[in-house]
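Got your viewer open? Load the model, put it in cartoon view, and keep the selection box handy.

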Amino acid sequence: MRFFIDTANMAEIREAMEMGILDGVTTNPSLMAKEGIKNVEEHYIAICKAIGSGDVSAEVIATDYAGMIQEGRALAHLHPHITVKVPMIKEGIKAIRTFTEEGIRTNCTLIFSPAQALLAAKAGATYVSPFLGRLDDVGHNGMQLIGSIRQIFNVYGIKTQILAASIRHTLHLIQCAEMGADVATMPFKVIEGLFKHPLTDKGLEQFLADYQKNNSL
Ligand code: G3P
């Protein structure tokens, strides 16, 4: 399972990189706005350079076919690691088909149903991004969506990768791994949370105390 970080914050990206477990980055216009990034193109290039290898999702703002094509081509041209993120709308699916034919990698975002994931896959999307947490927020089971997409993709041998998004906590990540999501994109605080277990802290504290006792005699 590959781990992406879901942020536009350079310090978080660098820290996650230093952990040695990061495979890529996803961003969206809300995450860019949170960091106050105005020159997004420059920021995407900085992210690509910081992570060295691995995909960096860069989202189009246009919602019409021609606009998405123009923006997506420009984004893909910025750096070889850019994956063009396209919303799950009719025009978006048409744009994904064109990008696929042009060899531009895509991430179809805002997926909330298996039918949407199947449409994106048929258009040739490299990734589909089902948003788990947002489904849970409205009383639907986000994890069932991951399971259903996995099942459909397995039945037909579909190569589109499932990029589980809107992951809010450790249990989401574990369940995504159990369901066979190819990639999980997580905020920095969720990545940090994966390390934590009180018994690890307690055990280490005890080992160090015993070492000190044994070596101070
Ligand atoms: O990658 C999608 C993600 O940014 C959405 O997460 O927590 O805003 O639902 P969230």
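Here is a walk from the whole chain down to single residues.

**Before you click**

This is a predicted model, so local features need pLDDT of at least 70 and side-chain atom pairs count only at pLDDT 80 or more, while totals for chains, interfaces and linings use all residues. Residues are numbered from 1 along each chain as its sequence is written, and side-chain values use heavy atoms, with hydrogens and water left out.

**Stop 1: the whole chain**

Start with the full cartoon. The protein chain has 11 helices and 8 strands; these are DSSP runs numbered from the N terminus, with helices being H or I of at least four residues and strands being E of at least two. Along its principal axes, the C-alpha trace spans about 75 × 40 × 30 Å.

Now switch on a surface. The protein chain exposes about 11,200 Å², and carbon and sulfur atoms supply 56% of it. Accessible areas here come from the Shrake-Rupley method with a 1.4 Å probe, and for residues only the protein chains shown count as cover. Of the 217 residues, 44% count as buried. Buried means under 20% relative accessible area, exposed means over 50%, and partly exposed is in between (1.4 Å probe, protein chains only).

**Stop 2: the ligand**

Select the ligand and show what is around it. The residues surrounding it are D6, N28, F131, R134, A165, S166 and R168, each with a heavy atom within 4 Å of it. Draw some distances next. A polar side-chain atom of S166 sits 2.6 Å from an oxygen atom of the ligand. For R134, the distance from a polar side-chain atom to a ligand oxygen is 2.7 Å, and for N28 it is 3.0 Å. On its own the ligand exposes 310 Å², and the protein buries 82% of that.

Stay on S166 for a moment. You'll find S166 in the loop between β7 and α9 (170-179). Its phi is near 60°, a positive value in a residue other than glycine. S166 is buried, with a relative accessible area of 11%.

**Stop 3: D6**

Select D6, in strand β1 (residues 2-6). Which side chain of opposite charge is nearest to D6? That would be K85, 5.0 Å away, and D6 is buried yet has no salt bridge. For charges, Lys and Arg count as positive and Asp and Glu as negative; His and the chain ends are not counted. A salt bridge needs a side-chain nitrogen of Lys or Arg within 4 Å of a carboxyl oxygen of Asp or Glu.

What D6 does have is a polar contact of 2.7 Å between its side chain and that of T26. A polar contact is a pair of N or O atoms within 3.5 Å; within protein, one must be able to donate a hydrogen and the other to accept it, and residues adjacent in sequence count only if both atoms are side-chain atoms. Leaving out residues up to four places away in sequence, D6 touches T26, T27, L31, T185, M186 and P187, where contact means heavy atoms within 4.5 Å.

**Stop 4: salt bridges**

The structure holds 7 salt bridges. Go to K85 and E59, whose side chains meet in one of them (3.8 Å, N to O). K85 lies in strand β4 (residues 82-87) and E59 in strand β3 (residues 55-59), so the pair ties together parts 26 residues apart in sequence. K85 is buried at 4% relative accessible area, and E59 is buried too, at 12%.

Next, try R73 and E102, with their closest N and O atoms 2.5 Å apart. R73 is in helix α4 (residues 65-78) and E102 in the loop between α5 (90-101) and β5 (106-111), 29 residues apart. R73 is partly exposed at 41%, as is E102 at 36%.

Then select K213 and D210, a salt bridge at 3.7 Å. Both lie in helix α11 (residues 198-215), 3 residues apart, about one turn of the helix. K213 is exposed at 54%, whereas D210 is partly exposed at 33%.

**Stop 5: T160**

Finish at T160, in the loop between α8 (142-156) and β7 (161-164). Is T160 buried or exposed? It counts as buried, at 6% relative accessibility. The T160 side chain reaches the backbone oxygen of A125 at 2.8 Å. Show its neighbors as sticks: contacts of T160 beyond four places in sequence include A121, Y127, F153 and D182.
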